[in-house]
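Open the model in your viewer and keep the sequence panel beside it. The stops below say what to select next and what is there.

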Amino acid sequence: MHSLLDRKAKEATAELGFAEVQAGALLLPPRGPRMWSGVGCLWVLLSSCLVAVWSFSIISPAWIVRVQGKDSASFGLLWHCSEAVYNCYTFGSLGSFADIPSGSWQTSAVLCSGGCVLLATSALLAIVTIFLPSGQCEKRVCTLAGYMQTTAVFIMASGLLVYPFGLNTSIVRKYCGDSSIYHAAECQIGWGYMLGIVGVMLAVFLPFFSKYAPKESLSPTPIPALL
């Protein structure tokens, strides 16, 4: 008799516990789906746009320009234009790095190109995070891309700072007059160099955006407790 009563008591306790678990499950809000954050979208978009901006800047022949009729000339990292914008040629050839007339310009070309490649790689990682599930893997990829973008900013900024050291070369003096380091004389800064400066200034924000880029969880409306 006692064993029968004990068994019934255990069954009643088990049923009561199961009912409490179900009630608790109803009261707890379900985990919401993960949604790409607005900062993440801005990060991916800005990273991709800055790769294009820096690519245009590097291939631009207008870092230093002189606009004066038939004597017009312009210089870029790899290009030199004379008389008209359409009369442009590379320094020697694209495969002859040593033909760039200044060691400072050679250093600047390496730094700017390397920074652009690093920025392009980080932009690719940013795009990959869109398709990654939320979690530690996504956060690590965002962190890695952020570090790469920080490094790219310093490298490209160094390339921009080194470039004016080549203004004292003979080929620049031929068109710009008595030019020297950080002094272009009769020439002026072109749109290609300004585009690079703008690109670096905007790229400064990318590492901060990468910190808040991982997907965030939607907060569902909590279910009110039943009285």
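A residue is called buried under 20% relative accessible area, exposed over 50%, and partly exposed in between, with a 1.4 Å probe and only protein chains counted. The model is a predicted one, where local features need pLDDT of at least 70 and side-chain atom pairs count only at pLDDT 80 or more, while totals for chains, interfaces and linings use all residues. Residues are numbered from 1 along each chain as its sequence is written, and side-chain values use heavy atoms, with hydrogens and water left out.

**Whole chain**

Start with the cartoon view. The chain has 7 helices and 7 strands. Helices here are DSSP runs of H or I with at least four residues, strands are runs of E with at least two, and both are numbered from the N terminus. Read from that end, the order of elements is α-β-α-β-β-β-β-α-α-α-β-α-α-β.

Switch on the surface. About 13,500 Å² is exposed, and carbon and sulfur atoms supply 69% of that area; accessible areas come from the Shrake-Rupley method with a 1.4 Å probe, and for residues only the protein chains shown count as cover. Of the 227 residues, 35% count as buried.

A contact means heavy atoms within 4.5 Å. Among contacts between residues at least 6 apart in sequence, 66% join residues at least 24 apart.

**The nonpolar core**

Which residues have the most contacts inside the largest nonpolar core? Select Trp-43, Trp-54 and Tyr-163: they hold that place in a core of 38 residues. The elements that each supply at least two residues of this core are α2 (38-59), β3 (73-75), α3 (103-131), α4 (136-162), α5 (170-176) and α6 (191-203). A nonpolar core is a set of buried Ala, Val, Leu, Ile, Met, Phe, Trp, Tyr and Cys residues joined through side-chain atoms within 4.5 Å.

Keep Trp-43 selected and show what surrounds it. Neighbours within four places in sequence left aside, Trp-43 is in contact with Ala-126, Thr-129, Cys-142, Ala-145, Gln-149, Leu-206, Phe-209, Ser-210 and Ala-213.

**Helix α2**

Now select the whole of α2. This helix has 22 residues and spans 32 Å between its first and last C-alpha, close to the 32 Å expected at 1.5 Å a residue. The expected span is 1.5 Å times one less than the number of residues in the helix. Colour the buried residues of α2, among them Gly-40, Trp-43, Leu-46, Leu-50 and Trp-54. The buried residues of α2 pack against α3, α4, α6 and α7 (206-211).

To see one of the partners, pick Leu-202 in helix α6. Leu-202 has a relative accessible area of 36% and so is partly exposed. Outside its neighbours within four places in sequence, Leu-202 is in contact with Leu-46 and Leu-50. Leu-202 and Leu-46 lie 156 residues apart in sequence, with 8.3 Å from C-alpha to C-alpha.

**Helix α3**

Move to α3, which has 29 residues. Its first and last C-alpha are 43 Å apart, close to the 42 Å expected at 1.5 Å a residue. Buried residues in α3 include Trp-105, Cys-112, Cys-116, Leu-119, Ala-126 and Thr-129. The cover over the buried residues of α3 includes α2, β3, α4, α5 and α7.

**The β3–β4 hairpin**

Select β3 together with β4 (residues 79-82). The two strands run antiparallel and are joined by 3 bridges; two strands pair if DSSP finds at least two bridges between them. They form a hairpin with 3 residues between them. Ser-74 stands opposite Cys-81 in β4.

**Salt bridges**

A salt bridge is a side-chain nitrogen of Lys or Arg within 4 Å of a carboxyl oxygen of Asp or Glu. How many salt bridges does this rule give? The count comes to 2.

Select Arg-66 and Glu-186, where the closest N and O atoms are 3.0 Å apart. This pair links distant parts of the chain, with Arg-66 in strand β2 (residues 64-66) and Glu-186 in the loop between α5 and β6 (188-189), 120 residues apart. Arg-66 counts as buried because its relative accessibility is 11%, whereas Glu-186, at 51%, counts as exposed.

Then select Asp-178 and Arg-173, whose closest N and O atoms are 3.1 Å apart. Asp-178 counts as exposed at 58% relative accessibility, and Arg-173 counts as partly exposed at 36%.
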